[in-house]
Structures are given as structure tokens and as C-alpha cells.
Amino acid sequence: QNEEKWDFVLVSDIHEMGSEKEIKRKKFLDELSKKGFTIKKIEDTKLFYGVRAPQHIFWKYQCLLTNPNSRQQNFSAYQDVPVTTRIRVVHFILQNTVTSDLEKLHDLMKKKVFEAAFPLHKKEEIREILKKKWARWRVLFKEQPIEEIRCYFGEKVALYFAWLGWYTYLLIFAALAGLATVAAGATVFSSSQVSKEICDANNTIMCPLCDQNCSFWVLSDTCTYAKVTHMIDNEATVVFAMFMAIWATVFLELWKRERANVVTSWDLYGWDEEEEELALQLINNSQHEPRLYQHSYFRSTIVLILALLMIMVLIGIAHALVIYRAVAMALFTQSDVSLLSKHADIIAVLTGAVLHYITIVIMTKVNWHVALFLCDLEKPRTFSQRENNFTVKIFLFQFFTNFSSLIYIAFFLGRINGHPGHYVRIAGHWRLEECHPSGCITDLFIQMAVIMVLKQTISNIMEYLIPLISHQLRKKKKRPKKRSLMLGEEEEAEDPCKRQWLNNYELNEVNVFSLFNEYLEIVIQYSFTTIFVAAFPLAPLLALINNVIEIHMDAIKMMRLRRRMVPRKAKDIGIWLQVLEAIGILAVIGNGLVIAITSDFIPVQVYKYMYSPCVRENHTSMDCSTGYINNSLSIFHIQDFEPHTKVLPEFKEKQIKECRYRDYRNADDYTYTVQFWHIFAARLAFLILFEHVALCVKLIAAWYIPDVPQKVKNKILTEKHSNLRNELSTAEYSTEV
């Protein structure tokens with residue numbers, strides 16, 4: 001049967017005749033009719049208005065935006081307008097049609113005159129192909145049909161999936177490298193000299209971990225913890241961090257090439273967004289005047305100050321989490337439940353990580369509103385400019401929300417807490433947490449593992465279940481009861497459009513930010529995969545598993561659970577590319593800092609080459625890190641404890657006069673030893689060296705891989721040449737005549 005083609009459907013409640021809403025609705029529909037739109041009304045539990053644009057609109061669009069040399073003045077050309085272009089043009093006109101009360105569709109929707117406006121998912125061949133090849137779980141590892149996605153959802157969505165597919169494909173290499181690092185750690189760590197010394201240290205008495213009721217403890221109790229730490233913290237990690245810095249650059253460079261290929265095949269390489277917007281404005285209203293560029297330093301200053309205030313708040317929340325961990329640690333150690341008091345440190349870290357996840361969920365909502373508010377203050381000129389401004393702000397806020405507590409664990413934990421007899425305290429009462437004698441990197445590992453696993457599993461389940469459940473609920477609520485037929489009454493033939501429009505209306509609504517959310521989620525995940533990857537080499541593997549599922553989940557959501565997105569044109573992934581490049585630079589700095597400051601890599605190297613037995617005597621057979629643990633622990637005399645510290649001086653029937661703690665301090669006056677400053681200098685030197693080498697390698701990689709492939713450059717070159725040649729021959733012909 002020949003279905004009527006409708007571009008858009010407007011939905012409204014049934015208002016009383018003569019009510020204000022009904023008058024406003026009529027005014028808006030009259031404006032559309034004046035522009036030559038065909039409107040069809042269907043009544044059900046709501047009023048549905050199908051809208052079809054007149055052909056001359058698309059002809060104007062083609063006239064304004066095709067190449068001058070291919071402009072044929074015949075009217076049959078308009079039949080070739082793709083569906084995505086039709087929807088985009090109609091959407092623009094609907095959004096920018098002004099009623100006599102100077103109200104646009106946006107204002108009418110706020111006033112509940114209209115409830116929804118959406119393009120239709122139609123039964124097209126391309127939709128069936130996408131459902132079969134893309135939007136189902138069975139095709140998990142097949143290549144995505146990017147061309148079909150573009151023909152159905154427009155270039156912007158197609159580019160998102162092309163980018164996500166490319167990122168996922170390159171993650172395979174990062175995941176393998178991460179696995180290799182962990183495997184190397186797992187085979188090497190059991191024979192590591194440092195963890196062996198911790199496991200054998202039966203007589204090393206350590207200072208208590210809290211002020212009340214805590215006794216001394218023996219270093220060898222933490223044997224397993226030390227083994228796990230050395231599985232993550234070894235020489236392989238340094239190489240892996242270097243590899244990931246290069247990987248991040250190569251990924252972006254290769255993506256630029258891939259993008260150039262894709263966009264050229266779509267004939268969008270020289271496309272200009274501004275020109276497109278001006279053309280649409282003129283088609284909608286030929287008297288339209290463009291809005292000029294403006295910049296106000298006053299506005300920018302206010303936005304900057306407010307953004308900095310927001311970042312301060314986010315850092316404050318990270319501080320609150322630190323305080324929670326210190327207090328929780330003190331309370332758990334003093335609790336009567338043996339399970340809690342025994343594993344107080346691990347329980348404090350785990351609950352802290354879960355709390356951090358909860359703050360991430362809550363603050364994401366807050367960040368969203370703050371970023372939107374700041375965007376409105378800036379008064380951006382166009383929609384795309386607004387989107388870019390919003391992107392930068394929300395990314396900054398989300399970055400601090402996600403990373404501030406990780407930054408604390410990586411670089412401050414155990415470095416600002418003083419020493420026995422002179423601890424730094426919160427409110428003069430609770431001691432700050434300390435690092436484990438075998439290093440802080442395991443704390444960072446636990447925190448990252450908890451956040452990544454929770455974020456990916458819970459977020460994905462919610463992301464899929466919420467649309468699914470709300471779709472089912474809408475279906476139940478919206479279905480009208482069938483009238484029972486009276487005797488002799490004939491059933492009316494139902495309008496074929498009605499069922500289709502209702503089905504589309506029952507799907508979940510999409511908004512401008514639907515695609516934005518997907519980008520943001522993946523970009524934050526990309527930060528986790530690159531920035532602190534030295535502490536959590538399994539991050540790329542988790543990201544890979546997540547993305548394979550994510551691609552198909554997004555596909556199913558877009559095809560089956562959501563109304564059709566308004567297709568938008570795009571020739572790249574926009575400002576996200578700059579965001580990814582910034583993350584790449586942060587990754588070099590972050591990993592350099594993790595190896596220099598968090599991990600024990602530098603202190604062990606300094607010990608090996610300056611203080612170990614190998615330096616004093618020429619032993620070739622001996623492991624040079626022998627004696628490292630004893631060397632890294634300082635001595636504390638018990639009589640110097642603070643007065644309110646209650647410690648039982650008895651330990652295993654022995655009187656104890658001194659205990660050990662992790663630091664490089666003198667035994668008599670507790671000042672730093674020379675070795676502390678040696679290590680400090682070595683850390684700085686390594687950091688500077690690592691960052692400069694990594695950044696140089698990044699620059700070399702960026703230069704080595706051209707952004708645009710030769711094939712694409714040559715294609716553009718020959719096109720320019722042939723266009724100029726045609727113009728020349730036309731000019732010669734006209735002068736001859």
C-alpha cells in the first residue's frame with residue numbers, strides 16, 4: 001500500500017475550545033500552513049498532527065548548498081533529497097517558526113501547548129538492515145554498517161559510532177599490553193626480593209596504626225599485601241606507562257586519518273557548518289539578518305570565576321572523602337567486631353571508594369545544571385557554539401568529580417601525615433591515613449578498580465534498563481481501551497498512520513544531549529584508561545569489554561527504545577578531539593607522577609645504586625635490592641609518643657623500646673636523612689626525564705603519521721583542478737560567442 005509520507009509529528013493534549021492553549025496551537029499551525037506545509041490531524045487520547053513540508057523548500061536548500069558547477073535548473077532534481085536532509089530541514093523550520101505572539105515551538109512546549117515533536121521511525125529497507133546487522137546482541141563482534149547508520153541517523157551519529165568502533169579496535173592492543181604487564185608482574189613478583197624481605201621480617205616491630213587500643217604489629221603480617229603490590233609495581237609498569245602515552249597519540253593520529261577517509265567518501269570534506277545554518281535561516285525567512293559575533297570580557301571573567309568556584313567545591317568533596325577515610329579507619333580499628341578491627345584499612349578504602357562512586361553519581365547531575373547555567377551566561381551565537389562551550393565545562397567538572405580523590409591517593413596519601421610523636425591530625429583528633437609499608441600504589445589500584453567496575457556495570461545496566469522499563473510503562477499507559485461494538489454498528493477503518501504514530505509516540509523521547517551523554521561517558525572512560533593506567537594496567541581490558549557491549553546497547557536503544565534522532569550533519573567529532581588531545585597530555589604527566597611519586601620504583605633504584613651491599617662490595621651473584629626494606633624504615637623511640645596515645649608497651653611478652661615506621665628520618669631528632677633528599681632529587685629528575693621523553697615521542701608520532709591520507713589529498717586536488725578547468729572552458733566559450 002502507498003503510505004503517506006510525513007516528515008514530523010506534533011503531539012498535543014486535547015485542549016478545551018477557546019482556551020488559551022488551543023488558540024496558541026491554532027496560531028502555530030496556521031503559520032506552518034502559510035509556509036505551504038500540509039497538516040493532517042488524527043485524534044486519539046492525544047491530538048496528533050502530521051506535518052509534511054512543501055517541495056520548493058528542499059529545492060531552495062539544494063540550490064543554496066550544491067556545488068555551483070552541478071546546479072541544474074530543472075525541477076526534477078528535488079526528488080533526490082535524502083530522508084535525513086528532509087528531517088533536518090523540517091526540524092529547523094519547526095523550531096524557528098514564530099507565531100504572531102513572538103513564540104517559537106520551544107516556548108509552546110514549555111507552556112504545554114505541544115507535548116512532543118519527533119520524526120518517525122518508518123518501515124524502510126535501511127531500518128530492517130540496521131536491525132538485522134547492528135541493533136542486536138548476536139552481531140557483537142561484526143563490523144558496524146557505518147554507511148547505513150549515516151543514511152538513517154545522519155552524519156553526526158555515524159561519526160560517533162565510527163569513532164567508538166575505532167577506539168574499541170585500538171583498545172585491543174592496549175588491553176594486551178596491560179595483560180602482559182600484569183602477567184609479567186605475576187610471574188616475577190613471587191621471586192621479588194622486596195616482598196620476600198617483607199614476608200621474612202618476623203622480628204621487625206612496626207609502630208601502631210592508631211592512637212587508642214592499637215598494639216604494635218609485625219611487618220611479616222602484611223606478606224600477601226606486599227606480594228600484590230609488587231605484582232603492580234615493578235619495572236614492567238614503567239615500560240607500560242610509556243607505551244600507553246604513545247598509544248594515546250597514535251590512536252588520535254590514526255583516527256584523524258580514518259575520519260578524513262570517511263568524510264571524503266560522504267563528500268563532506270569542505271562542508272561548512274556556518275553556511276549550512278545561514279542557508280536554513282534564509283529558507284525559513286528570506287528577510288533574516290545574521291546574528292553577528294560578539295565577545296564580552298566581562299561575561300568571560302564571571303564565567304571563569306564561577307567555574308573555578310565550582311572546581312573548588314568538587315575538590316572540597318574530595319577532602320570530605322579523605323576525612324571520612326581517616327575517621328572511619330579510627331572507628332573501625334576501635335570497634336568490638338573483630339572482622340572490622342582486623343581489616344580496618346581495607347574496609348575503609350573499599351567503603352571510601354563506594355562513597356566516591358555515589359558522589360560521582362550525584363555530582364554529575366549538579367555539574368550538568370551548573371554547566372548549562374554558565375553556558376546561558378555566555379550567550380553563545382549558534383547552537384554548535386553553545387554545544388562546544390557546554391562540552392568544555394561539563395568535561396572539566398566531571399574530570400574533577402571523577403579524579404580528585406584519585407589524585408589525593410596517588411600523590412598526597414601518606415606524604416602529609418607527619419611521623420610518630422608528631423602526627424598531622426584532622427581537627428586535632430584523627431590521624432590521617434598512612435600508606436602501607438610496601439607502597440601506596442595498591443590503594444590507588446583498589447580505588448580505580450572499584451570505580452571502573454561499578455561505573456561500567458551499574459551505569460550500563462541503568463542505561464539499558466531505564467529506557468526499557470519506561471518504554472514498557474508508556475505502552476501500558478497510552479493504549480486506549482477498544483470500544484465494544486454496539487449491535488449493527490460497523491467498525492471504522494483505522495487510519496494506517498494512527499498505529500505508526502502511536503508506536504513512535506510510545507518510545508522514549510530523545511533530546512539534544514542524547515548523543516552528548518554517550519560521548520561524555522566514553523571520554524571519561526578514556527581518561528581512566530590513560531591517565532593513571534600505570535597503577536591499574538587492567539583498565540584498557542575493562543574498557544574494551546565495556547565498549548563492545550556499549551556499541552550494541554546504544555544501537556538497540558536508538559533503533560528499538562527511542563524515538564528517531566533528528567539527523568545532523570558533521571564532518572568531525574567536534575571539540576571532543578581537543579578534549580582527547582588534552583587527556584593525552586594529562587596522561588603523560590599523570591603516569592610520570594604515578595611512577596615517580598606513588599610507586600616504589602625510584603626509592604628501590606636509588607637504594608640499588610647508592611646504598612645497597614652491591615655498592616660497598618662487588619657481589620655479582622647478589623640481588624642488589626637486598627636490605628631495601630630495613631633501609632626504608634626509620635626507628636622511633638617509644639618514650640617520644642604523644643601523651644594521649646595509649647599503647648601497650650608489652651608485645652608478645654617482650655618490653656618494647658622502639659618501633660619502625662616507613663620514612664627516611666634520623667633516629668635521634670626525627671629530621672630527614674640525606675637519603676630522603678637523594679630520593680627526592682631522583683624522583684624529580686625521573687619525572688622531568690620521563691615527561692620530556694614521552695612528549696617528544698608523542699610529537700614525533702604526530703609528525704610521522706600524516707593527519708590526512710595521500711589518497712584523500714589527491715582526490716581533493718584533482719577535483720579542484722577539474723572545476724577550474726571547466727570554469728576556464730566556459731569562460732572561453734562565452735567570450736568566443
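Where does D267 lie? Let me take that one straight away. D267 lies in the loop between α10, residues 235-265, and α11, residues 273-284. Before I go on: this is a predicted model.

Back to D267. Its phi is near 65°, a positive value in a residue other than glycine. Here is the background. Most residues other than glycine have a negative phi. As for the surroundings, D267 is exposed, because its relative accessibility is 59% and the cut-off for exposed is over 50%.

There is another residue of this kind to look at. K112 is not a glycine, yet it has a positive phi of about 65°. Find K112 in the loop between α4, residues 105-110, and β4, residues 116-118. Is K112 buried or exposed? K112 is exposed, with a relative accessible area of 55%.

Now the disulfides. How many are there? The count comes to three. A reminder for newcomers: a disulfide is a covalent bond between the sulfur atoms of two cysteines. I'll go through them in turn.

Start with C199 and C223. Their sulfur atoms are 2.0 Å apart, and the two form a disulfide. This pair links distant parts of the chain. C199 is in helix α8, residues 193-200. C223 is in helix α9, residues 223-232. In sequence they are 24 residues apart. What about the handedness? The torsion about the S-S bond of C199 and C223 is about 85°, so this disulfide is right-handed. Both C199 and C223 are buried.

Next, C207 and C659. A disulfide joins them, with an S to S distance of 2.0 Å. How many residues apart are C207 and C659? The answer is 452. C207 sits in the loop between β5, residues 205-206, and β6, residues 217-218. C659 sits in strand β14, residues 658-662. The link of C207 and C659 is right-handed, with 85° about the S-S bond. Now their accessibility. C207 counts as buried, because its relative accessibility is 6% and buried means under 20%. C659 is buried too, with a relative accessible area of 0%.

On to C614 and C624. A disulfide joins these two, S to S 2.1 Å. C614 is in helix α22, residues 613-616. C624 is in the loop between α22 and α23, the latter being residues 628-632. They are 10 residues apart. Right-handed or left-handed? The torsion about the S-S bond of C614 and C624 is about -110°, so the disulfide is left-handed. Look at each end. C614 is buried, at 13% relative accessible area. C624 is partly exposed, at 26%.

While we are on cysteines, here are two more to click on. C151 counts as partly exposed, at 38% relative accessibility. C696 is partly exposed as well, with a relative accessible area of 43%.

Let's move to the strands. Please find β3, residues 47-52. Why call it largely enclosed by the rest of the structure? Because five of its six residues are buried.

Which strands pair with β3? Take β1, residues 8-12. Five bridges join β1 to β3, and the two run antiparallel. For a landmark, use F8: its bridge partner in β3 is V51. Then take β2, residues 38-43. Six bridges join β2 to β3, again antiparallel. Here the landmark is K41, which stands opposite Y49 in β3. How many residues lie between β2 and β3 in their hairpin? Three.

My last stop is R86. R86 lies in helix α3, residues 83-96. This arginine is buried, with a relative accessible area of 16%. What does the side chain of R86 make a polar contact with? The partner is the side chain of D7, at 2.9 Å. Leave aside the neighbours of R86 within four places in sequence, and its contacts are D7, R52, A53, Q55, F58 and V81. One of those names ties back to the strands: R52 is in contact with R86, and strand β3 covers residues 47-52.

To recap. D267 and K112 carry positive phi values. The disulfide count is three. β3 pairs with β1 and with β2. And R86 makes its polar contact with D7. That's my tour.

How values were computed. Residues are numbered from 1 along each chain as its sequence is written. This is a predicted model: local features need pLDDT of at least 70, side-chain atom pairs count only at pLDDT 80 or more; totals for chains, interfaces and linings use all residues. Side-chain values use heavy atoms; hydrogens and water are left out. Helices (H or I, at least four residues) and strands (E, at least two) are DSSP runs, numbered from the N terminus. Buried means under 20% relative accessible area, exposed over 50%, partly exposed in between (1.4 Å probe, protein chains only). A polar contact is a pair of N or O atoms within 3.5 Å; within protein, one must be able to donate a hydrogen and the other to accept it, and residues adjacent in sequence count only if both atoms are side-chain atoms. Contact means heavy atoms within 4.5 Å. A disulfide is a pair of cysteine sulfur atoms within 2.5 Å. Two strands pair if DSSP finds at least two bridges between them.
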